[in-house]
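Q: Please take a close look at the second largest pocket and what lies around it. Start with the overall fold, so that I can place the details.

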Amino acid sequence: MSPMQIIKADETLPSGKVGYYEIPGPAPRRFFFYRARNEVAGAPLVVSVHGIARNAAAHTYRLIDEAERYGLSILAPLFEKELYGQYQQLADERTGARADLALFDMLHAVGRLSRADTHKILLFGFSGGAQFSHRFVFAHPDRVRSAVHVSAGWYSFPNEERRYPRGLNPKRTPLQFDLKSALKVPQHVLVGGQDLERDHSLRQSAGLDRSQGLTRVERARRWVDAMAAVAGENAAPSFELMAGVAHSFAEAVEISSLPRRVFDRFANDVDLSLI
């Protein structure tokens, strides 16, 4: 499927269709978009962020059934490795590309393609996408209604003294963070109960292993505990293991009904029946 350039301000996508789009400009900003058949005007847009497999199309198609239950449309960014090699950290040190700003451009474009509310999104990320999603909440909490982070390899901890991306001190990064507001955003962490392998896709170092743990399960628990320690009157992120699931998006979908789990959390945080 070839990219379609977004040119016209009044362009719309027929409902019940998946489109693949490219925003014209010097840097590629490509994404898949599904407009729900029963799209509810003003309902929040669902944004689903891929891992390093960059399977944005699979994210789109796997979420369609659940999205249709609520009349929600789906945006799945495609962050190509050449430019967005470190999209998980929002800003790529090598190229200077900002994945978070690219997403804003995509949201603006989708606002012209549909009737969805693109200002405050429902955000889901898997693996590298979960790294992106929890860091996006820290950087742009005013743009997120609810966030579900699944099987991140490692985390930025809510420590404003420690330099980003291990903590939230923005020294040497163009990003800024708002921990106080981020703590007010409902967040949920899921990870496969069998996601215990230390393979090449898991970032490893003596310092990281010591501070965050050896596996994705251990690192997820420690991040949730750290968020709970600073939550104050806010609700800490929830935590759940998906039984029998290793580090696989397909397994999480097929064995543990991941799309249903994600949308159940969105619906619990935002009363979608009132939209």
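A: The radius of gyration is taken over C-alpha atoms, and the rule for a compact globule is 2.2 Å times the number of residues to the power 0.38. For a chain of 275 residues, that rule gives a value near 19 Å. The protein chain has 18 Å, so it agrees with a compact globule. Keep in mind that this is a predicted model.

A few more values set the scene. The C-alpha trace spans about 50 × 40 × 35 Å along its principal axes. The secondary structure comes to eight helices and nine strands. Buried residues make up 55% of the 275. The chain exposes about 11700 Å². Carbon and sulfur atoms supply 48% of that area. Take the contacts between residues at least 6 apart in sequence: 64% of them join residues at least 24 apart.

Now to the pocket. The second largest pocket has a volume of about 240 Å³. It is lined by 17 residues, and those closest to its centre are Gln89, Glu93, Tyr164, Pro165 and Arg172. By class, its lining has six nonpolar, four polar and seven charged residues.

Three of those central names deserve a second look. Start with Tyr164 and Pro165. The peptide bond that joins them is cis, with omega near 15°. Most peptide bonds are trans. Pro165 is found in the loop between β7 (144–150) and α4 (179–182).

Arg172 is found in the loop between β7 and α4 as well. Its phi is near 70°, a positive value in a residue other than glycine. Most residues other than glycine have a negative phi. Exposed means over 50% relative accessible area. Arg172 has 68%, so it counts as exposed.

Ser151 is another residue of the loop between β7 and α4. Its phi is near 60°, again a positive value in a residue other than glycine. Its setting is the opposite of an exposed one. Buried means under 20% relative accessible area. Ser151 has 1%, so it counts as buried.

Next, set that pocket beside the largest one. The largest pocket holds about 400 Å³ of space. Its lining comes to 17 residues, with Ile52, Gly85, Gln88, Gln131 and Ser201 closest to the centre. By class, the lining has three nonpolar, 10 polar and four charged residues.

There is also enclosed space. The count comes to one cavity of 30 Å³ or more. The largest cavity holds about 40 Å³. Its lining has eight nonpolar, one polar and no charged residues. Residues in that lining include Leu183, Val185, Pro186 and Gln187. Met227, Ala231, Ala235, Ala236 and Pro237 line it too.

One last stop is in a strand. Gly19 is found in β2, which covers residues 17–22. Its relative accessible area is 7%, so Gly19 is buried. Ala67 lies 48 residues away from Gly19 along the chain, and their C-alpha atoms are separated by 16 Å.

Back to your pocket, in brief. Tyr164, Pro165 and Arg172 are among the residues closest to its centre. The bond from Tyr164 to Pro165 is cis, and Arg172 has a positive phi.

Methods:
Residues numbered from 1 in each chain as written. Predicted model: local features only at pLDDT ≥ 70, side-chain atom pairs only at ≥ 80, totals over all residues. Heavy atoms only, no water. 1 Å grid on protein atoms, 1.4 Å probe; cavity = no way out; pocket = protein on both sides within 12 Å on 5 of 7 lines; lining within 4 Å. Points joined across faces, edges and corners; volume = space filled by probe spheres on them. Nonpolar A, V, L, I, M, F, W, Y, C, P; charged D, E, K, R; others polar. Helix = DSSP H or I, 4+ residues; strand = E, 2+ residues; numbered from the N terminus. Buried < 20%, exposed > 50% of the residue type's maximum accessible area, 1.4 Å probe, protein only. Contact = heavy atoms within 4.5 Å. Areas by Shrake-Rupley, 256 points an atom, 1.4 Å probe, with all protein chains shown as cover.
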